[in-house]
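Please open the structure in your viewer and keep the selection tool at hand. The tour below proceeds from one selection to the next.

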Amino acid sequence: MVEKRTNSPLTGELLVELRRDGAVPLHRQVEAAIRAGIRSGRLPLGSSLPPTRTIAAGLGVSRGVIVEAYQQLTAEGYLTSRAGGYTQVAIGPEPAPPPVRPAPAPRPRIDFGYGRADVSNFPRAAWLRSIRRVLAEAPNERFGYLDGRGAPELHEAICGYLNRVRGTAAHPGDVVICNGYGQGIALVIQVLVAAGARRIAVEDPCADDDARAVARAAGLDVVGVPVDQDGVRVDALDRVDADALVLTPSHQWPTGGVLSAESRAAVLRWAARRDALVIEDDYDAEYRYDRAPVGAIQGLAPDRVVYAGTASKTLAPGLRIGWLVVPRHLVDDVAAAKIIADRGSPVIDQLTFADFLSRGEFDRHLRRMRPVYRRRRDALLAALRERVPDLEPAGVAAGLHLVAWLPPDLDEATVVAASARRGLGVHGVGPYRISSTGPGGLIFGYATLGERTIAEGVDVLAAVVDEVRSHAIRRRGG
Ligand SMILES: Cc1ncc(COP(=O)(O)O)c(C=O)c1O
């Protein structure tokens, strides 16, 4: 081993595999190994080689063998002798040809990318207090392997929170802690596949990087059920023959519909008829601005619904903390899948979150953030109304994003591309459709942008809309 140090000799070993059959002299083998190490960059420019005595002892050869190898490499310019009697690498590796990669797209100057909480408001001080308490007080056994469901303290705290705020009927024994919704849905799908599931239904449009991607990779058929302004269309569901249905009933992603009480009951009737599982992705339920919160479906049928929650929208996606409330007959299977996946989520984070929840810090954080996000949403709505009034905002009462439907003369992909050219990041709804058709729409995440930036962004959008329209007029020869 050679350490990279430039001002003192090293006492280390050098990895050289010597053949002692006499075919190649030993000093030549040592030379070749060092030369190859220098050329590849494994022995970087400026690093010091161990003293000849040390290497000789490590390789079980006479010191003269190493001296001869060093002298030869010094003569070739690979090594140089320094005052103090130690030897350094004198040249760098041969440069690799530059990789041929397309230039990355420039970051938008104003980015309405969706799905982000404002992590600059992460409650660092309160989180730190919880970490300190956990490190001081957690019993030793918590630092060993836990069962696949996670830390019991967090099961208790999550259930207390969900049953109080989300209207779930959650029991601590039915909770599985996972690394965000992304892992939660993967575990559930794995269990479904093992039980013989063939087809999974998802909302159309919906996110393309969780249930859809995982189900496809697991070999399931994925069918889309169209949504309207009130969430998934239960009349269309009647024709769907699937083993499971993934829903965002409290704030459909991305269109923002809220499933009515009748539709919730209809979904559960469908699931009972088909003996299907409903997976409720309650990703941004905590943010409700101008209407009463709607309870989780899980509370209506805990034996048929997997409830999935995440800290990604409320605290930070980087925490990778999520939770499943699983029908009792599936809990052991999901917990076993979690153990196979990663042997359990990091326990200090789980205990910290449990402490944070049970001391009311989570509620306090949400109380602090709701008006911040609400002001940003209001700024976005006001700017859209004023600057691009023929866009039609939807799904605005909740969450961290909204959709603005485009009038028929504005093509979604054209507006998105023209916005990007002007440094404005905004996504279209179209890429998230499976087979549904409908108007073009833009998804605006507003949670990370200040009100002034939001207004500025909508000004850019207004200019984009003018540009797209005047192009269209010119093309028609008007
Ligand atoms: C629809 C939906 N569900 C859930 C999540 C949260 O995923 P995770 O908990 O893996 O961060 C997101 C994140 O963007 C999302 O868009």
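How far is an oxygen atom of the ligand from a polar backbone atom of Y181? Select the ligand together with Y181: the distance between these two atoms is 2.7 Å. Please bear in mind throughout that the model is predicted.

**Stop 1: the ligand and its contacts**

Keep the ligand selected and add T310. An N or O atom in the side chain of T310 lies 2.6 Å from an oxygen atom of the ligand. Next, add S312, where an N or O atom of the side chain is likewise found 2.6 Å from a ligand oxygen. Taken on its own, the ligand has 400 Å² of accessible area, and the protein covers 85% of this area.

**Stop 2: the shell around the ligand**

Now select the residues that surround the ligand: G180, Y181, G182, W253, D281, Y283, T310, S312, K313 and R320. Colour them by class, and the shell divides into 3 nonpolar, 4 polar and 3 charged residues. Which helix supplies the largest share of this shell? Highlight helix α6, residues 180-194, which contributes 3 residues.

**Stop 3: the largest pocket**

Display the pockets, if your viewer permits, and find the largest one, in which the ligand sits. The volume of this pocket is about 580 Å³. Its lining consists of 27 residues, and those closest to the centre are Y181, A207, D209, D210 and K313. Two or more lining residues come from each of the elements α6, β6 (199-204), α7 (211-217) and β9 (244-247). Of the elements, α6 gives the most to the lining, namely 3 residues. By class, the lining of the largest pocket holds 12 nonpolar, 6 polar and 9 charged residues.

**Stop 4: two cis peptide bonds**

Select D204 and P205, which are joined by a cis peptide bond with omega of about 5°. P205 belongs to the loop between β6 and α7. Then move to W253 and P254, where a cis peptide bond with omega of about 5° is also present. In which loop is P254 found? P254 is located in the loop between β9 and α9 (261-274). W253 has already appeared on this tour as one of the residues surrounding the ligand.

**Stop 5: a positive phi angle**

Continue to D275, in the loop between α9 and β10 (277-281). Phi of D275 is near 55°, a positive value in a residue other than glycine.

**Stop 6: the cavities**

Finally, turn to the enclosed spaces. How many cavities of 30 Å³ or more are counted? The count comes to 2. The largest cavity contains about 40 Å³ of space. To locate it, select its lining residues: G115, W253, Y283, D284, K313, L400 and H401. They divide into 3 nonpolar, 2 polar and 2 charged residues. W253, Y283 and K313 line this cavity, and these residues also belong to the shell around the ligand. Leave these three residues displayed beside the ligand as the last view of the tour.

Note on methods: Residues are numbered from 1 along each chain as its sequence is written. This is a predicted model: local features need pLDDT of at least 70, side-chain atom pairs count only at pLDDT 80 or more; totals for chains, interfaces and linings use all residues. Side-chain values use heavy atoms; hydrogens and water are left out. On a 1 Å grid over the protein atoms alone, a cavity is a set of points where a 1.4 Å probe fits but cannot get out, and a pocket is an open set with protein on both sides within 12 Å along at least five of seven lines; lining residues have an atom within 4 Å of a point. Grid points are joined across faces, edges and corners, and a volume is the space filled by probe spheres set on the points. Ala, Val, Leu, Ile, Met, Phe, Trp, Tyr, Cys and Pro count as nonpolar, Asp, Glu, Lys and Arg as charged, and the others, Gly among them, as polar. A residue is near a molecule or strand if one of its heavy atoms lies within 4 Å of it. A polar contact is a pair of N or O atoms within 3.5 Å; within protein, one must be able to donate a hydrogen and the other to accept it, and residues adjacent in sequence count only if both atoms are side-chain atoms. Accessible areas come from the Shrake-Rupley method with a 1.4 Å probe; for residues, only the protein chains shown count as cover. A molecule sits in a cavity or pocket if more than half of its atoms lie within 2 Å of its grid points. Helices (H or I, at least four residues) and strands (E, at least two) are DSSP runs, numbered from the N terminus.
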